Each structure stands twice: as structure tokens, then as C-alpha cells.
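Please look over the sequence and the model before reading on. The paragraphs below go from the chain as a whole to single residues.

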Amino acid sequence: KKDVQAEIEKEFEAIALNLVIKGVIDISLQERTKEKLNLQKPKITSLVEYQLQNPNRNWVTSSHHIPVSINIFDRVALPYMNGNRNLEEISKLLVEDIKGGKLNMNKGDKKIEDIEEIQRELKNVLAQSIDKYASNGIVV
């Protein structure tokens, strides 16, 4: 029975190490807890701020030195996260970007035109994005 358990543990370690090498699983010596962050006024790292200046870049480096892919929404929203703006202020700026055509808001395959619906949807998208940023070490 111990031989089977040891064999399973050895195989599990090999699979886990393979997933770490491929980048599917992240490991870090630094604790990653969102509880220590001020997510009401999120602030991106200086490195992320610098990297966002390159318009062709589709990734940024986290505070854990891991590349994190970013999408169009991230590219527009992240620069607003300077530690001085709260979520409502960021949301208002993003609504203006949507009105100005810098961003689109879709539900399914239909573009959302109604401002109130955009604000509701944006609140959810922004909350999910900030959670992602905090988990990935993009906001500090």
C-alpha cells in the first residue's frame, strides 16, 4: 500500500512540476492576498504603467515577475488605476471612453447602446478585472 502511495505522489509531483514549467500553475515565494490591497482605489505598479506606454504590447509584468496577458479593456482601464481614483471614478472615465468610441460594450453578439445598461455591465466587468489584476499582482 505504501508503494502505491509513493508512486502516486511521485507521479503527482512530476505532473505538477510540468504544469509549473509550462506556466499553467504559478508558484511564488511571496504571499498573494488581496486582503492587503486597497482595491477601492487600485494602483498599478510602476512597471505596468511603463509597459502600457507601448501600444503594441499585449502583456504586462506582474509584481511577481510573471507576464500577464492584457486585452483591450485592460489596456484602457489600467492607466486609470493610479491609486487616487475610486471604482466609481474609474467607471465614469470608462463610460466616457465607451461614449467616445474608444471601447465597446457588448452583451453576447450585440453592442450595448443604453448608458444605464453600460454602467451596470461595466460595474461587473470592472469588479472581475480588478479581482484578476489583484490575483495576478498587477495592482499593489
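Among contacts in the protein chain between residues at least 6 apart in sequence, 58% join residues at least 24 apart. The coordinates come from a predicted model. Its average pLDDT over the protein chain is 87, and 89% of the residues score at least 70. Among the elements, helix α2 (residues 46–51) has the highest mean pLDDT, 95, and helix α1 (residues 2–22) has the lowest, 86. Where pLDDT is low, the predicted coordinates should not be read in detail.

The protein chain contains 5 helices and 4 strands. Read from the N terminus, these elements follow the order α-α-β-β-α-α-β-β-α. The chain has 140 residues, and 28% of them are buried.

The nonpolar core comes next. The largest nonpolar core holds 27 residues, and those touching the most other members are Ile-44, Phe-73, Leu-78, Met-81, Leu-94, Tyr-133 and Ile-138. Two or more core residues are given by each of the elements α3 (72–77), α4 (87–99) and α5 (115–136). Helix α5 supplies the largest share, 6 residues. For a view from one core member, take Leu-94: beyond its neighbours within four places in sequence, Leu-94 is in contact with Phe-73, Val-76, Ala-77, Tyr-80, Leu-103, Leu-122 and Leu-126.

Which residues does Asp-74 touch, not counting residues up to four places away in sequence? Asp-74 belongs to helix α3. Its relative accessibility is 1%, so Asp-74 counts as buried, the limit being under 20%. The residues it touches beyond that stretch of sequence are Ser-69, Pro-79, Ser-129, Lys-132 and Tyr-133. Tyr-133 has already appeared in the list of core residues that touch the most other members.

The loop between β1 (59–61) and β2 (67–69) contains Ser-62, and Ser-63 is placed in the loop between β1 and β2 as well. Are these two serines buried or exposed, or something in between? Ser-62 counts as buried because its relative accessibility is 2%. Ser-63 is partly exposed, because its relative accessible area is 27%, a value that falls between the limits of 20% and 50%.

Each of these serines can also be placed relative to residues far along the chain. With neighbours within four places in sequence left aside, Ser-62 is in contact with Val-68, Asn-136 and Gly-137. A polar atom of the Ser-62 side chain lies 3.4 Å from the backbone oxygen of Asn-136. For Ser-63, the residue to find is Val-140: the two are 77 residues apart along the chain, while their C-alpha atoms are separated by 8.0 Å.

Another pair of this kind involves Ala-127, which is found in helix α5. Ala-127 and Leu-39 are 88 residues apart in sequence, and the distance from C-alpha to C-alpha is 9.4 Å. With a relative accessibility of 47%, Ala-127 counts as partly exposed.

The last topic is the aromatic rings. How many aromatic pairs are counted in the model? The count is 0 aromatic pairs. A ring does take part in an arrangement with a charged group, however: the charged end of Arg-57 sits over the ring of Trp-59, at 4.4 Å from the centre of that ring.

How values were computed:
Residues are numbered from 1 along each chain as its sequence is written. This is a predicted model: local features need pLDDT of at least 70, side-chain atom pairs count only at pLDDT 80 or more; totals for chains, interfaces and linings use all residues. Side-chain values use heavy atoms; hydrogens and water are left out. Buried means under 20% relative accessible area, exposed over 50%, partly exposed in between (1.4 Å probe, protein chains only). A polar contact is a pair of N or O atoms within 3.5 Å; within protein, one must be able to donate a hydrogen and the other to accept it, and residues adjacent in sequence count only if both atoms are side-chain atoms. Contact means heavy atoms within 4.5 Å. Rings of Phe, Tyr and Trp (its six-membered ring) pair if their centres lie within 6.5 Å; planes under 30 degrees apart count as stacked, over 60 as edge-to-face and the rest as tilted. A charge sits over a ring if NZ of Lys or CZ of Arg is within 6 Å of the ring centre and within 35 degrees of the ring normal. A nonpolar core is a set of buried Ala, Val, Leu, Ile, Met, Phe, Trp, Tyr and Cys residues joined through side-chain atoms within 4.5 Å. pLDDT is the predictor's confidence in each residue, from 0 to 100.
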